[in-house]
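Student: I've just opened this one and I'd like to talk about its aromatic rings. Can we go through the terms as we meet them?

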Amino acid sequence: MNILMVCLGNICRSPLAEGLMRSKLEAQIDSASLYIDSAGTGGWHAGEAPDRRSIAVAIQNGIDISSQKARKLVKEDLDKFDYIFAMDQSNFNDILSMAEPEHFGKIHLFLEYAGMGKKDVPDPWYGNAGDFESVFLLLSEACEQAAAKLLIGRK
Ligand code: 4NP
């Protein structure tokens with residue numbers, strides 16, 4: 001199962017979603033058949049580690065995302081991944097604009113896929129540590145729900 005988490009910069013939300021989803025699924029699926037990655041629709045931060053505030057909130061909750069490196073979403077990702085999860089509606093629209101009709105079915109608004117409503121994961125980039133904490137908790141719940149759904153879909 002190949003899963004891609006996508007946000008705008010690939011330094012705040014999608015690195016957390018990548019680390020959280022890995023933590024929820026790695027005990028359930030053998031590592032040879034699980035690949036989880038993240039990317040940004042924008043490439044301004046390509047090559048950078050996640051935002052220090054995302055690294056901090058993750059570490060406080062037992063997840064190390066510090067070795068991740070930001071990269072820009074490329075068209076090949078749409079073939080390579082089985083599930084492409086957009087953190088917000090704007091990311092979703094940007095991914096769709098790169099996609100061919102055969103890709104449409106694998107592109108999802110993440111919270112909607114998780115059964116949490118057609119809502120965005122808010123961008124904490126201009127926020128404070130509390131905003132990163134809120135995003136972490138929201139993503140943790142969403143990853144829990146989405147992981148359960150992905151596992152059912154596999155059987
Ligand atoms: P992210 O947050 O999409 O959750 O990684 C952002 C990071 C950087 C920028 C915007 C959003 N930026 O404009 O550089």
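Tutor: Sure, starting with Tyr113: its relative accessibility is 10%. This is a predicted model, where local features need pLDDT of at least 70, side-chain atom pairs count only at pLDDT 80 or more, and totals for chains, interfaces and linings use all residues. Residues are numbered from 1 along each chain as its sequence is written, and side-chain values use heavy atoms, leaving out hydrogens and water.

Student: Why does Tyr113 count as buried?

Tutor: Buried means under 20% relative accessible area, exposed over 50% and partly exposed in between (1.4 Å probe, protein chains only). Tyr113 has 10%, so buried is the word.

Student: What makes Phe85 and Tyr113 a tilted pair?

Tutor: Rings of Phe, Tyr and Trp (its six-membered ring) pair if their centres lie within 6.5 Å; planes under 30 degrees apart are stacked, over 60 edge-to-face, the rest tilted. Here the centres are 4.9 Å apart and the planes at 50°, so Phe85 and Tyr113 are tilted.

Student: Which residues form an aromatic cluster with Tyr113?

Tutor: Tyr83, Phe85 and Phe110 join Tyr113 in one cluster.

Student: How do you know that Lys149 lies over the face of Tyr113?

Tutor: The rule wants NZ of Lys or CZ of Arg within 6 Å of the ring centre and within 35 degrees of the ring normal. Lys149 is counted as over the face of Tyr113, at 4.1 Å from the ring centre.

Student: Why is Phe81 called buried?

Tutor: Its relative accessible area is 0%, so Phe81 is buried.
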